[in-house]
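Please examine the sequence and the three-dimensional model shown below. The paragraphs after it offer a guided reading of selected parts.

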Amino acid sequence: MGYVRGLKCRECGREYPVSPIYVCEFCFGPLEVIYDYKSIKKALTRKVIEKREKSLWRYKELLPIDGAPLAGLNSGYTPLLKADNLAKELGVKELYIKDDTVAHPTLSFKDRVVAVAITKAREFGFDTVACASTGNLAHSVSAHGAKAGFNRFIFIPATLEASKIVASLIYEPNLIAVDGNYDEVNRLCSEIANKYKWAFVNINIRPFYAEGSKTHGFEIVEQLGWNAPDNVVIPSASGSLLTKIWKSFKEFKEIGIIKELKTRVFAAQATGCSPITTAIKQGTDVIRPVKPNTIAKSLAIGNPADGYYAIQVVAEAGGTGEDVSDQEIIDGIKLLARTEGIFAETAGGVTVAVTKKLIDSGKIGRDEITVICVTGNGLKTQEALTGHTVSPYFIKPHISSFEEALDKMKRGDQ
Ligand SMILES: *Cc1c(COP(=O)(O)O)cnc(C)c1O
């Protein structure tokens, strides 16, 4: 048996037994998994964790499953890379990239949430998993659902990048491209979830699914030698990842794995879809939904489900929010690749560019330890860079042609 006590409404506090539900029957507040931390404190120590397999399941007592993990055994424990070249370029002493572009089968942090959701869906007895996705979730549910033997229904906005569509179809799910934006896809899926007995990972399984994001935070702390950083910069779509990284730090404090928690939490969004950071900057906790218009499609949620809670976390942790233009996102992707050899997708460009902005404006101190969350691989969103990289030197297969090109390179022209 696991260590879950039940579900609790984040608004009115009413508690529910574990089942595939996600809103409070009384006040419609979102439900959150609650745990028996006293028992977890006895079972889960640094030593126990350190002896385990290097996957996201090394923290399984703090994840909402009852039995053995059934998906994502190959996911998580991604590198925390000390980014000295980037630190130098941005003028800070200590900077780290939490690199979720690798060590995940579908190359984004969504493998964390889906590993938990798929395991839970099986525990609940579902035979079909489904999701509303901005792209990465589609890949992850398609892949992990295939391995675990589920029927899969995947709903995406039809405008998604062509490469992201192929990267779902390869796993042969039922892929449904909806003529609408993500928020419209999500609304449709809520209706479908009410009618069909499917495990929609980010709708009726959402309280369990979202807990998977905590593993990104647990790993940061473990990889910093069991310390929480001074600052963490987190890309935000629905705002869930941000709230769960904060929850992971607090849980580690609660069970005595870390003694101190002084981390400031920063939300990063694209200016073309920045309902969360705009509200933070305006000092309000009322989210005004927007129509997304940005190359950072994996973050393009105009009406973020956890936006209100993300704003609360940022306030509690003493951080702030910042957003960046599409051009800054591209520059951020290129900067990370040039300095650290990491090719991030547009969401990674967002966090790098936002971090630069926060350092330049003095909101992140030059002597502090900062972790930048890079959540997806650049090979997934290559279209975004079309026309933004230099071209190759085209030559004939002769040494003379090569040397002509070499001369051009030395002169610095194309
Ligand atoms: C889904 C996603 C996020 C964050 O999503 P939340 O809805 O805020 O949890 C961040 N980066 C990438 C690449 C994603 O796919």
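The text that follows moves from strands to the ligand and then to individual residues.

The model is predicted, and for that reason local features are described at pLDDT of at least 70 and side-chain atom pairs at pLDDT 80 or more, while totals for chains, interfaces and linings use all residues. Residues are numbered from 1 along each chain as its sequence is written, and side-chain values use heavy atoms, with hydrogens and water left out.

A few terms are needed at the outset. Helices (H or I, at least four residues) and strands (E, at least two) are DSSP runs, numbered from the N terminus. Two strands pair if DSSP finds at least two bridges between them. A residue is called buried under 20% relative accessible area, exposed over 50%, and partly exposed in between, with a 1.4 Å probe and protein chains only.

Strand S10, residues 231-235, is a suitable starting point: five of its five residues are buried. In a regular strand the side chains alternate between the two faces of the sheet. Both faces of S10 are covered, with Asn231, Val233 and Pro235 buried on one side and Val232 and Ile234 buried on the other. S10 pairs in the parallel sense with strand S11, residues 264-270, over five bridges. Within this pairing, Asn231 has Arg264 of S11 as its bridge partner. Between S10 and S11 the chain passes through helix H10, residues 240-254, in a right-handed β-α-β crossover; right-handed signifies that, with the strands pointing away from the viewer, the path from the first strand over the helix to the second runs clockwise. S10 is also joined to strand S13, residues 369-374, by three bridges, and these two strands run parallel. Here Val233 stands opposite Ile372 of S13.

Attention now turns to the ligand. Its surroundings comprise 15 residues, the closest being Lys110, Asn136, Ala237, Ser238 and Thr375; a residue is counted as near if one of its heavy atoms lies within 4 Å. This shell divides into six nonpolar, seven polar and two charged residues. In that division, Ala, Val, Leu, Ile, Met, Phe, Trp, Tyr, Cys and Pro count as nonpolar, Asp, Glu, Lys and Arg as charged, and the others, Gly among them, as polar. An oxygen atom of the ligand is 2.8 Å from an N or O atom in the side chain of Lys110. Backbone atoms are involved as well: a ligand oxygen is 3.5 Å from a polar backbone atom of Ser240, and a ligand oxygen is 2.8 Å from a polar backbone atom of Leu241. The protein covers 95% of the 390 Å² of accessible area that the ligand has on its own. Such areas come from the Shrake-Rupley method with a 1.4 Å probe, and for residues only the protein chains shown count as cover.

Strands of a sheet pair through backbone hydrogen bonds, either parallel or antiparallel. The antiparallel sense appears where strand S1, residues 4-9, pairs with strand S3, residues 31-35, over five bridges. S1 also pairs in the antiparallel sense with strand S2, residues 15-16, over two bridges. Lys8 stands opposite Glu32 in S3 and opposite Glu15 in S2. S1 and S2 form a hairpin with five residues between them, and Gly13 in the turn has a positive phi of about 80°.

Elsewhere, four strands form an open sheet in the order S8-S7-S6-S9, with parallel pairing. Its edge strands are S8 (174-178) and S9 (199-200), each of which pairs on one side only. Strand S7, residues 151-157, is joined to S8 by five bridges, and Ile154 stands opposite Leu175 in S8.

Several loop residues complete the account. Glu345 is placed in the loop between helix H13 (326-340) and helix H14 (346-360). Is this residue, Glu345, buried or exposed? Glu345 is buried, because its relative accessible area is 0%. Its side chain makes a polar contact of 2.6 Å with the side chain of Ser298. A polar contact is a pair of N or O atoms within 3.5 Å; within protein, one must be able to donate a hydrogen and the other to accept it, and residues adjacent in sequence count only if both atoms are side-chain atoms.

Ala103 lies in the loop between strand S5 (94-99) and helix H4 (110-124). Phi of Ala103 is near 65°, a positive value in a residue other than glycine, and Ala103 is partly exposed at 39% relative accessibility.
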